[in-house]
Structure formats: C-alpha cells, structure tokens
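Hi there,

Here is the structure I promised to pass on. Have a look at it first, and my notes follow below.

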Amino acid sequence: MNIDILSKVRKTEAPPFLYTRIEQRLANLSNNTMPKNVVWALSVAFAILLFTNIYVLKTYSTDPYKTESLAESIYLLDNNMLYK
Amino acid sequence: MILIVILTKHSIPQNNASLQISDIIDLKLNLQEIYNSHKDEVYNLALHYVQNIEDAQEITQDVFVAVHQSYSSFRHGSSLRTWVYRIAINKSIDFLKAKQRKNRFVFVTSLFFENSNDLKHNPIENNHPGVMLEDKEALNALFIKINQLPDNQKTALILHKIEQKTQDEVAEIMNLSPKAVESLVQRAKSSLSKNIKQSEG
C-alpha cells in the first residue's frame, strides 16, 4: 500500500445549507443567555444568603451550656433518663 | 463570588459583551465573508479527519461558531486563513476525542445491559465524498491506519499529503518549525508503513 495514494483524495464543496445552520446555532446561543440584571440580582441574593448563614453560624454557635439552660427554662429533658 | 463569575460568563455572549449593534452587524458580515472564503477548506479538512459527511458538517458548524465567538480576539498575528485552519484542526481533534469517549461509554454500558439497543461495537462509517470508488478500499484501509497515529503526526500528514500544503505552510499552521514538520511527516510515514507491513503479515 502506497501513502502517495492520499493525493488522489479529491476536494469537495461544502453543502449550501451549512451557513443557515450556523446562523441558527448562533441565534440559539444568544437566546439561551440570561439578561445581565437578572444575573446580578441572583448573585446578590446568593451572596446575602451566604453571608446571613455565616453570620448566624458564628453568632449562634452551639454552646452546650446555652443549650442546657434553654432546655431547663422550657422544662425540656436533655437526656434519655425518663424515670430518675 | 464563584457563582458571580460563572453566571457572568454564561450570561454574556463571549467576547461580544461590550459590542455595539453596529459592531454586531460588522461581525455578522465578517462571518459571512470568512465563511464564503474558507468553508470548503474547513469542510474538506474536517472530512479528512473524520471521513464522514455528517460529522464533517458538524465540525464545520462548530468552527464557524467559534470563529464568530472569538473573532474580536483575533490579533492578526497570523493570517486569517491560518487562524481558521488552527480552529478547524482543534475542533476536529476535539470532535474525534469526544466521539471516542462516547463509543467507549456505549460499549461499556452495552456489556452490562443486555437489552441495550446500543451497538456493542460502533464501526466508523466511512463515506468520504472525495474518495473515488476505485480507490475506496485502499484509502479506507489507509485512513484506518492514519486514525491510529498521534494527533500531531496525523495533522502534519493530512495537511502535507492530502491538502498538498508545503512544509512551510504546514509549519505556520501548526506553529512549528519546518524541520519539526518534516520530522513529524517522516515519523508518520514510517509508523504507517510499519503498521501496513504488520497487517499484511
């Protein structure tokens, strides 16, 4: 088998409908994008949610003493010994 | 912050964010111009890589969508033709890799699910329209061997032997020195002849 046979491969023309398909794909790409203001609103909402969570976690971190005193104040049992 | 970056990236058509309407019209006109002057080159190059009409059409579309998206970042450091060629080569290689991954996945799933309608072995359908009937058998066998070559050897061989480009042109497209291209073509030729000898027994 000779590699020079590769030169026998002929050139062909691109089908005429390809450009329409490309235009369609570009139109679909631009339709699928979200408006800028929606992106910013979503980002700000997410950032607020994130910072609120961090703030709550830091401020009301689980302190065993606090949990016990809270349980006592509302007469809750904080153990499983029901018949002591 | 990551979300902001991701959302912003997806929300704005890449590189077209700050473009005015006139720029967009210019881009569209440019795309049509670029398409008209390079469509056959891109389509033929894709055909040489995949040897399949439908896949070559898919790659050609990918190439011109990429050209549209990154035209504003084209720095005119190389000629437009070279730039389009580079995109076409990258898209063809990416397409083949994605297809191989898909075939591997289909093969593995078909082993575990007996009722799967997917083929256990998905042979590459070769319907290159540039291959004449009398050379079809020999060229198909040769293309099977070419498809097993490393990407850079395959690219050098396709550009030099099928596209009939000079070593300097190939070097410019592949961003290599002409010597490196020569060595790639030589290595491709020797591995091809070794493979052919092995298969012929």
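Let me start with a pair of helices in chain B: α6(B) passes α7(B) in a right-handed crossing. Please keep in mind throughout that this is a predicted model.

The contact between the two draws on T155(B), A156(B), L159(B) and H160(B) from α6(B), and on Q167(B), V170(B), I173(B) and M174(B) from α7(B). Sorted by class, that contact of α6(B) with α7(B) has 5 nonpolar and 3 polar residues, and no charged ones. As for the geometry, α6(B) covers residues 151-162 and α7(B) covers residues 167-174, and they pack at an angle of about 140 degrees with their axes 9 Å apart. Angles over 145 would count as roughly antiparallel and 65 to 115 as roughly perpendicular, so α6(B) is oblique to α7(B).

Both helices also turn up in the surroundings of α8(B). The buried residues of α8(B) are V181(B), L184(B), A188(B) and L192(B), and they pack against α5 (136-146), α6 and α7 of chain B. Helix α8(B) itself takes in residues 178-200; at 1.5 Å a residue, its 23 residues should span 33 Å, and this agrees with the 33 Å between its end C-alpha atoms.

Helix α4(B), residues 80-112, gives a similar check: its 33 residues reach 48 Å from first C-alpha to last, close to the 48 Å expected at 1.5 Å a residue. The buried residues in α4(B) include W83(B), V84(B), Y85(B), I87(B), A88(B) and I89(B), and K91(B) and S92(B) are buried there too.

Stepping back to chain B as a whole, you will find 8 helices and 0 strands, so to speak a run of α-α-α-α-α-α-α-α from the N terminus on. Of its 201 residues, 28% count as buried. Among the contacts in chain B with a separation of 6 or more, 61% come from residues 24 or more positions apart.

Finally, the two chains. Which elements of chain A give two or more residues to the side that touches chain B? They are α1 (18-31) and α2 (36-59) of chain A, and α1(A) provides the largest share of that side, with 8 residues. In total, the contact takes 28 residues from chain A and 35 residues from chain B. The side of chain A that touches chain B has 16 nonpolar, 5 polar and 7 charged residues.

Happy browsing, and best wishes!

Technical notes: Residues numbered from 1 in each chain as written. Chains lettered and ligands numbered in written order. Predicted model: local features only at pLDDT ≥ 70, side-chain atom pairs only at ≥ 80, totals over all residues. Axes fitted to C-alpha atoms, helices over the stretch in contact; angles between N-to-C directions. Helix = DSSP H or I, 4+ residues; strand = E, 2+ residues; numbered from the N terminus. Parallel < 35°, antiparallel > 145°, perpendicular 65-115°, else oblique. Left-handed = near helix turned anticlockwise from the far one by under 90°. Contact = placed C-beta atoms within 7 Å. Nonpolar A, V, L, I, M, F, W, Y, C, P; charged D, E, K, R; others polar. Expected span 1.5 Å × (residues − 1). Buried ≥ 20, exposed ≤ 12 C-beta atoms within 10 Å, placed from the backbone.
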